[in-house]
Amino acid sequence: MKRITILATDNTVASGIIGFLDVFSFCNTYWRRVNPQAGQDLFECQVVSSHGGDILTNQGIKVPAVGLNAPSDILHSDAVILASAMVTNKSEFQNYLHDFEPLFEPLRLFAASGKPLAAYCSGTLILAASGLLDGREATTVWWLNEMFQRHFARVNLRMDKLVVSDGHLHTAGATTSNMSLALHLVHILVGEQLASQMAKILLIDPNRQSQQPFMTMELMTSSHKDEVIWNVQQWMQHHLTEPLLLDDIADKFALGKRTLIRRFKKALNETPASYVQRLRVDEAKRLLETTSLGLEEVVTRVGYEDVSSFRKLFIQLTSLTPRAYRQRFNTQQYEFDNDNCCEAELH
């Protein structure tokens, strides 16, 4: 039997914990069905809280939890998972970090064992705050990406991946990525065959490997306090169809070009040029989701002229072609003929 420990605090997102418990419970049910003579379950799960008692989720749902008699008790686990809490800004993260503090000692003890240690969504920030991710690859919830990079620069963040493994440390993106992370742990602890069966039983897409298609700049948290750069961001947003040359932007906001680049990078951890590219791709995504416009028209509306180069940029930032993106996310269910299909002219 494999013992799974989920470390949690009050304000935990309920679906995150329950999702893991459900996956491992279904594994047990399936195991007993195909192995009627099995004497025990595959998995035993427990939730361990930072205060030693039941936890209240962000929705006020009580989840049974226990405490550890001693930090070393965690070493009886075969895998440990950090549950995510409701975090949308720096202040909420500081509260989460404070609440989690009693669990840092057992967390570090378990990390030294070399057994699987996993985190998803805001739990990845806790793992980073422990220092265990320093010098390693990881991913996090996409809309806290900027805050993560600002506070944990020693972590090599891979936002193109849904689940990232670096040695025995495993991280995943936003809340529902916990299902992919759960399958990943099943694969590690039991084997590929069971993980594959669970993917089919629970309708979890095993090929959902990137969170890039789901990212939107509208919801990304930015914590900088540079009012001028904030005004530059807003102006860029409303002038995407224009050339947006760096010299012109610097002149408009009475900044030297080097000063603009320096302040922009300090505030947003990227150059003005890369920010504009992401703005334009974000707007293209919106148009592909909500209109029947062909790709040439979409490209024109976001300020590009070269369809081919924009298509390459779109793939780089979303992991999908414009056509594939439209097929997955278009909410209007438009029917496209070959003349209007957003990539037909490119083949």
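Start by selecting histidine 224: with a relative accessible area of 15%, it is buried (that is, under 20% relative accessible area; exposed is over 50%, partly exposed in between, with a 1.4 Å probe and protein chains only). You'll find histidine 224 in the loop between α7 (192-201) and α8 (227-237). Helices (H or I, at least four residues) and strands (E, at least two) are DSSP runs, numbered from the N terminus.

Before you click further: this is a predicted model, where local features need pLDDT of at least 70 and side-chain atom pairs count only at pLDDT 80 or more, while totals for chains, interfaces and linings use all residues. Residues are numbered from 1 along each chain as its sequence is written, and side-chain values use heavy atoms, with hydrogens and water left out.

Now show what surrounds histidine 224. Leaving aside neighbours within four places in sequence, histidine 224 is in contact with Arg150, Ile229, Trp230, Gln233, Ala267 and Leu268; contact means heavy atoms within 4.5 Å. Put a distance label on leucine 268: the C-alpha atoms of histidine 224 and leucine 268 are 7.3 Å apart in space, though the two residues are 44 apart in sequence.

**Zoom out**

Display the whole protein chain. It has 14 helices and 10 strands, and its C-alpha atoms fill a box of roughly 70 × 45 × 35 Å along the principal axes. Of its 347 residues, 46% count as buried. Take the contacts between residues at least 6 apart in sequence: 66% of them join residues at least 24 apart.

**The sheet**

Next, colour the strands β2, β1, β5, β6, β10 and β9. In that order, these 6 strands form an open sheet with mixed pairing; two strands pair if DSSP finds at least two bridges between them. At the edges sit β2 (43-49) and β9 (163-166), each pairing on one side only. From one strand to the next, the twist averages 20°.

Walk across, beginning with β1 (residues 2-8). β1 and β5 (residues 79-82) pair in the parallel sense over 4 bridges, and isoleucine 6 stands opposite isoleucine 81 in β5. Step on to β6: β5 and β6 run parallel and are joined by 3 bridges, with leucine 82 opposite alanine 119 in β6.

Pause on β6 (residues 117-120) and switch on side chains. Which way do they point? Leu117 and Ala119 go one way from the strand, Ala118 and Tyr120 go the other way, and all are buried.

Then move to β10 (residues 169-172), which pairs with β6 in the parallel sense over 4 bridges. Tyrosine 120 has alanine 172 in β10 as its bridge partner.

The last step brings a change of direction: β9 and β10 pair in the antiparallel sense over 4 bridges. Here valine 164 is partnered by threonine 171 in β10. The two strands form a hairpin with 2 residues between them, and glycine 167 in the turn has a positive phi of about 65°.

**Just past β10**

Select glycine 173, in the loop between β10 and α6 (177-189). Is glycine 173 buried or exposed? Its relative accessibility is 0%, so glycine 173 counts as buried. Not counting residues up to four places away in sequence, glycine 173 touches Tyr120, Cys121, Thr139, Thr140, Val141, Leu162 and Gln211. For a contrast, measure to leucine 279: it is 106 residues along the chain from glycine 173, with 22 Å between the C-alpha atoms.

**The helices α11, α13 and α14**

Leucine 279 leads us to the next stop. Show helix α11 (residues 272-290) and helix α13 (residues 307-318): their axes come within 10 Å and cross at roughly 90°. The two helices are therefore roughly perpendicular to each other. For the angle classes, under 35 degrees counts as roughly parallel, over 145 as roughly antiparallel, 65 to 115 as roughly perpendicular and the rest as oblique. Axes are lines fitted to C-alpha atoms, for helices over the stretch in contact, and angles run from 0 to 180 degrees between N-to-C directions.

To see the contact, pick Gln277, Arg278, Arg280, Val281, Ala284, Lys285 and Leu288 of α11, plus Phe310, Leu313, Phe314, Leu317 and Thr318 of α13.

Finish on helix α14 (residues 322-329), where Pro322, Tyr325, Arg326 and Phe329 are buried. They cover an arc of only 100° around the axis, so they sit on the same side of α14; the arc is that of the directions from the helix axis to the C-beta atoms. What covers these buried residues includes α11, α12 (295-301) and α13.
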